[in-house]
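Notebook open, coffee poured. I want to walk through this one strand by strand and write down what I look up as I go.

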Amino acid sequence: MLGLLHSLEIAVGATIVGLLIGTCGAYGKLYGGPVVRDLLAVYTTVVRAVPELVLILLLYYAGTDLINQVLTAMGYQRVDISGLVAGIAVLGFCQGAYSTEVMRGAILAIPQGQIEAARAFGMSPGLLLRRITLPAMLPFAIPGLANLWLIATKDTALLAVVGFFELTLATRQAAGVTKAYLIFYLAAGALYLAVTLFSNFLLGRAEKWARRGMPSVKEAR
Amino acid sequence: MSAVEAAAVSSGKAQSGAAEAIHVENLHKKFGQLHVLKGVSLSARDGEVVAIIGGSGSGKSTLLRCINCLENPTSGIIRVNGEEIKLKADSHGHTVPADRKQIERIRSKLGMVFQNFNLWSHMTLIENVIEVPVHVLGVKRDEAIAQAEKLLARVGLAEKRDVYPAYLSGGQQQRAAIARALAINPRVMLFDEPTSALDPELVGEVLKVIGDLAREGRTMVLVTHEMKFAREVATHVVYLYNGLVEEEGPPEQIFGAPKSERLKQFIRNIG
């Protein structure tokens, strides 16, 4: 159960980090200058090209090492980065690349006249993002972001390889000690399934709310 | 004679005492190689209704959209309420507003109504109408709601206050968009072909609302294809041809005794 809690902590954290990166990334890709756009293109391409397991190993070991080298070079003490923070950062970094593309597509799907109207009434860019762009793109983004959230819950299992105590590692240890492999792995599978079912319920509600201004597609059939 | 005086003289019916709400001078706009506006001047005094007419591609919508810098003019002077919009060249050589705060402040005094309504689809009508007063102008929410209810009642949509735009007809959406523009208590209303996207039988209800506003003395700049309507409500008509003002004057003169050959032909074709 502690393993499940850790898994969820990481998944939630990584999704939040991913959403922040995704929002900034999508904005940068759509409205940024050529340098920003090129940098983001490199980021999304590389992160989506390299297997996540490789990225996790790379960023977890190399990343913490790099931070500590920088810190010692600047005359600070080495820090011990907690597995939780590192896990959130690493998975969030991966998630960010995918959500950048999801959000970019969603922003492109907003009828541009609505954004133009907001500008015509004197909204500042920040207000426009908060009051118009984000809520208006949500119905187009939620299916993609829901995918990302479910992937995030399962990608936490990859952190087992760096020794982070999450659901999969906890299961392996428990199964190894008791030799009841079938029961423990089935239980772990059931827990992942439960997370997914519960998420689906909440995401369904969220999507319904986000689509509040839109007639049902069934009526257009 | 200064440009301002010249504009006042040329605008037939203009109340010469009234202050100038919109002043556009020698405006140029290029889209790449395409020279859309080639030095247009326009003036709207308080209480005036200026109708901009012209064929497709004459630059009339572009002219209107330059007034609140939805399109950035390539060169020229725009004054709103006597305040000149500060422009500068950006790193690509495009002209952009120099002061974001200034342009936002000016925009919040201009009530724009679009051809395609552009209501915010995730908000109900009442939310659409209070959005700008509450979040841009800082009006208290309950005051804004009270005012918005009056405005919606005025355009005949009181009972639709909690409906989302997608569930309304084009005419209803456009009337709501007019209420949204009125909610900021605009100095000038800008209409960009407000009836062009509507079914013919819905045009009347929208024109009636706009006509009422004109009759109560609201300052408006109106781009339209509805010549009969322009003739009824406008105090001054500007005919654009190919990025230039071909002829302008009071509606009786423009529609009754046009001087330019092109305008005569344009009126014949449309009428």
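Which way does strand β3 of chain B run against β11(B), and how many bridges join them? I checked: β3 (residues 49-54) and β11(B) are parallel, and five bridges join them. Note to self before going on: this is a predicted model.

**Entry: around β11**

I picked one rung to follow. B:I52 has B:V238 in β11(B) as its bridge partner. Going on across the sheet from B:V238, I found B:E248 in β12(B) as its bridge partner. The strands behind that second step, β11(B) and β12 (residues 244-249) of chain B, pair antiparallel over five bridges.

I then looked at how the chain turns between them. The hairpin of β11(B) and β12(B) has two residues between the strands, and B:N242 takes a positive phi there, near 55°.

Is β11(B) enclosed or open to the outside? I looked at residues 236-241 of chain B: five of the six are buried, so the strand is largely enclosed by the rest of the structure.

**Entry: the whole sheet**

I traced the sheet outward from there. It is an open sheet of six strands in chain B, in the order β8-β9-β10-β3-β11-β12, with mixed pairing. At the edges I have β8 (110-113) and β12 of chain B, each pairing on one side only. I also looked up the twist: ignoring direction, neighbouring strands of this sheet are turned by 15° against each other on average.

On the other side of β3 in the listed order I looked at one more pair. β9 (residues 188-192) and β10 (residues 220-223) of chain B are parallel, with four bridges between them. One rung for the record: B:D192 stands opposite B:V223 in β10(B).

**Entry: the loop before β11**

What sits around B:A234? I placed the residue first: B:A234 is in the loop between α8 (227-233) and β11 of chain B. Leaving out residues up to four places away in sequence, I got B:V49, B:V50, B:A51 and B:P251 as the ones B:A234 touches. I took one of these further: the C-alpha atoms of B:A234 and B:A51 are separated by 5.8 Å, although the two are 183 residues apart along the chain. I count B:A234 as buried because 25 other C-beta atoms lie within 10 Å, and the cut-off for that is 20 or more.

**Entry: β1, β2 and β4**

I moved to the start of chain B. Strand β1 (residues 20-31) and strand β2 (residues 34-45) of chain B run antiparallel and are joined by nine bridges. B:K29 stands opposite B:L37 in β2(B). These two strands form a hairpin with two residues between them, and B:G32 in the turn has a positive phi of about 60°.

I also found β1(B) paired with β4 (residues 75-80) of chain B, antiparallel again, through five bridges. There I noted B:H28 opposite B:S75 in β4(B).

**Entry: helix α2**

How many residues of helix α2 (residues 60-67) of chain B are buried? I got eight of its eight, so I wrote the helix down as mostly covered. The buried set includes B:K60 and B:R65, along with B:L63, B:L64 and B:I67. After α2(B) comes B:C69, with a positive phi near 60°.

**Entry: chain B overall**

I tallied 10 helices and 12 strands in chain B. The radius of gyration is 18 Å, which agrees with the value near 18 Å for a compact globule of 271 residues. I put a box along the principal axes, and the C-alpha atoms fill roughly 50 × 45 × 40 Å. Buried residues make up 49% of the chain. Of the contacts in chain B with a separation of 6 or more, 64% are between residues 24 or more positions apart.

**Entry: chain A and the contact**

I looked at where the chains meet: 23 residues of chain B are in contact with 19 residues of chain A. On the chain B side, α3 (100-107) and α4 (125-135) are the elements that give two or more residues. I sorted that side of chain B into 12 nonpolar, seven polar and four charged residues.

For chain A, I went to the record. UniProt, in an unreviewed entry, places "domain: ABC transmembrane type-1" at residues 4-203. In the model that span is 84% helix and 0% strand, and its end C-alpha atoms lie 20 Å apart.

How values were computed:
Residues are numbered from 1 along each chain as its sequence is written. Chains are lettered from A and ligands numbered from 1 in the order in which they are written. This is a predicted model: local features need pLDDT of at least 70, side-chain atom pairs count only at pLDDT 80 or more; totals for chains, interfaces and linings use all residues. UniProt positions are given in the numbering used here, feature names are shortened, and annotations may be inferred rather than shown by experiment. A residue is buried if 20 or more other C-beta atoms lie within 10 Å of its own, exposed if 12 or fewer, and partly exposed in between; C-beta atoms are placed from the backbone. Two strands pair if DSSP finds at least two bridges between them. Axes are lines fitted to C-alpha atoms, for helices over the stretch in contact, and angles run from 0 to 180 degrees between N-to-C directions. Two residues are in contact if their C-beta atoms, placed from the backbone, lie within 7 Å. Ala, Val, Leu, Ile, Met, Phe, Trp, Tyr, Cys and Pro count as nonpolar, Asp, Glu, Lys and Arg as charged, and the others, Gly among them, as polar. The radius of gyration is taken over C-alpha atoms; the globule rule is 2.2 Å times the number of residues to the power 0.38.
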